[in-house]
Amino acid sequence: MNASLKIDLHTHSNCSDGALSPAELVAQAAAAGVHVMALTDHDSTDGLEHARRAADEFSVHLVPGVEISCLWRAQAIHVIGLWVDPCGATLKTLLRSQAELRRTRMRSICQRLSNARLPGDMLLAAVEAKGGVPTRTHLANAMVASGLVARTADAFSKYLGKGKAGHVAIEWPALQQTIGAILSAGGVAVLAHPGRYPISGGARRRLLDEFTAAGGTALEVVSGGNGAQHVESCTVLALKYGLAGSVGSDFHGPQLAWNPLGRSLKLPDGITPVWRGQLP
Ligand code: AMP
Ligand code: MN
Ligand code: MN
Ligand code: MN
């Protein structure tokens, strides 16, 4: 593998909560000098076909991916599947169920917002009009558009986060089932942004024990806005658990200018790249 390749294995399109269409995303990645990218929409592989066509056009190497929400001991965890076959039957069934869980949760959240005297019906209509799998980002954007909050972050801190009026817990599938679906689709399971879960160091080690036991093989060592400290602690964990390393911006759109596609995503020396042996 050429060390100078620019690689970004965690991005979102408007098939989930990204701002760009899959084709626009690939075009922007190419313009940013990205050579290898994964499209990893939340619980959806719907954008992969359009992304692949654009990748052919712009000579970008596209890795087919998905970011799946799951549960580990009541904690929501995100697992990225890379090199997944979107036609894999078990994965398809899981993603269909995820989309339904998301639609049901969105209706419950909006009902709760209505109960709290907010315009829940209008917000639900705005989210549903967007298409794709509904995420809380869509709802936060609708709250900004209707003037209820100034910024999406405020929608989470005031209404959508834990303990707030619009919070609805969701019964995501178990970590093991999720990794199983990724593996059965020929993919590689990567623990996304390991530093973002509010769990203790001990719990993180138990999570990694179970993640590896279930067949997970990589950690997102370099992730979006996480700094050098995150990279260092993930490097220690990857070496301890014999996990490969992945790199990804978690790009959601150009509006977050501090988090561009392919931003300084260099894997530390000594970590086995998750893409080793996978690239032409
Ligand atoms: P969901 O998967 O529907 O629960 O939505 C989670 C998405 O919301 C994440 O993927 C982030 O893109 C976004 N998100 C989560 N927390 C925040 C926050 N505090 N501010 C802005 N966006 C957030
Ligand atoms: Mn997101
Ligand atoms: Mn995530
Ligand atoms: Mn993501």
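A residue is counted as near a molecule if one of its heavy atoms lies within 4 Å of that molecule. The legends below use this wording for a predicted model.

**View 1. Residues around ligand 1 in the predicted model.**
Ligand 1 is surrounded by D17, H42, R102, R105, T135, R136, T137, A153, F156 and H252. Three helices each give two or more residues to this shell, namely α3 (89-115), α5 (136-145) and α6 (152-160). The space that ligand 1 takes up is the largest pocket.

**View 2. Polar side chains beside ligand 1.**
Which residue has a polar side-chain atom 2.4 Å from an oxygen atom of ligand 1? That residue is R105. In the side chain of H42, an N or O atom lies 2.9 Å from an oxygen atom of ligand 1. For D17, the distance between a side-chain N or O atom and an oxygen atom of ligand 1 is 3.1 Å. On its own, ligand 1 has 500 Å² of accessible area, and the protein covers 71% of this.

**View 3. The manganese ion (ligand 2) and its protein donors.**
D17 (OD), H42 (NE2) and H252 (NE2) are the protein donors of this ion, at 2.1 to 2.2 Å from it. Their spacing along the chain is D-x24-H-x209-H. H42 is in the loop between β2 (36-39) and α2 (48-58), while H252 is in the segment after β7 (244-248). The pair of H42 and H252 links distant parts of the chain, 210 residues apart. Both H42 and H252 are buried. D17, H42 and H252 also appear in the shell around ligand 1.

**View 4. The manganese ion (ligand 3) and its protein donors.**
The protein donors here are E67 (OE), H78 (ND1) and H193 (NE2), and they lie 2.1 to 2.2 Å from the ion. In sequence the donors follow the spacing E-x10-H-x114-H. Where do E67 and H193 sit in the chain? E67 belongs to strand β3 (residues 61-72), and H193 to the loop between β5 (188-191) and α8 (201-213). These two residues are 126 residues apart, and the pair links distant parts of the chain. Is E67 buried or exposed? E67 is buried, because its relative accessible area is 1% and the cut-off for buried is under 20%. H193 also counts as buried, with a relative accessibility of 2%.

**View 5. The manganese ion (ligand 4) and its protein donors.**
This ion has H10 (NE2), H12 (NE2), E67 (OE) and D250 (OD) as protein donors, at 2.1 to 2.2 Å. The donors are spaced H-x1-H-x54-E-x182-D along the chain. H10 lies in the loop between β1 (7-8) and α1 (22-31) and E67 in strand β3, so the two residues tie together parts that are 57 residues apart in sequence. H10 is buried, with a relative accessible area of 0%. E67 is a donor of ligand 4 and also a donor of ligand 3.

**View 6. Distances between manganese ions.**
What distance separates the manganese ion (ligand 4) from the manganese ion (ligand 2)? The two ions are 4.7 Å apart. Between the manganese ion (ligand 2) and the manganese ion (ligand 3) the distance is 5.8 Å.

**View 7. S13 and the backbone of C15.**
S13 is found in the loop between β1 and α1, and H10 lies in the loop between β1 and α1 as well. A polar atom in the side chain of S13 lies 3.0 Å from the backbone nitrogen of C15. S13 is buried, because its relative accessible area is 0% and buried means under 20%.

**View 8. Two residue pairs, compared by sequence and by space.**
V190 is part of strand β5, and its relative accessible area of 1% makes it buried. V190 and A218 are 28 residues apart in sequence, with a C-alpha to C-alpha distance of 4.5 Å. S108 is in helix α3, one of the helices that give residues to the shell around ligand 1. S108 counts as partly exposed, because its relative accessibility is 30% and this class lies between 20% and 50%. S108 and V168 are 60 residues apart in sequence, and in space their C-alpha atoms are 7.1 Å apart.

Notes. Residues are numbered from 1 along each chain as its sequence is written. Chains are lettered from A and ligands numbered from 1 in the order in which they are written. This is a predicted model: local features need pLDDT of at least 70, side-chain atom pairs count only at pLDDT 80 or more; totals for chains, interfaces and linings use all residues. Side-chain values use heavy atoms; hydrogens and water are left out. Donors are N, O and S atoms within 2.8 Å of the metal (3.2 Å for Na, K and Ca); water is not among the atoms, so sites may look incomplete. Helices (H or I, at least four residues) and strands (E, at least two) are DSSP runs, numbered from the N terminus. Buried means under 20% relative accessible area, exposed over 50%, partly exposed in between (1.4 Å probe, protein chains only). A polar contact is a pair of N or O atoms within 3.5 Å; within protein, one must be able to donate a hydrogen and the other to accept it, and residues adjacent in sequence count only if both atoms are side-chain atoms. Accessible areas come from the Shrake-Rupley method with a 1.4 Å probe; for residues, only the protein chains shown count as cover. On a 1 Å grid over the protein atoms alone, a cavity is a set of points where a 1.4 Å probe fits but cannot get out, and a pocket is an open set with protein on both sides within 12 Å along at least five of seven lines; lining residues have an atom within 4 Å of a point. A molecule sits in a cavity or pocket if more than half of its atoms lie within 2 Å of its grid points.
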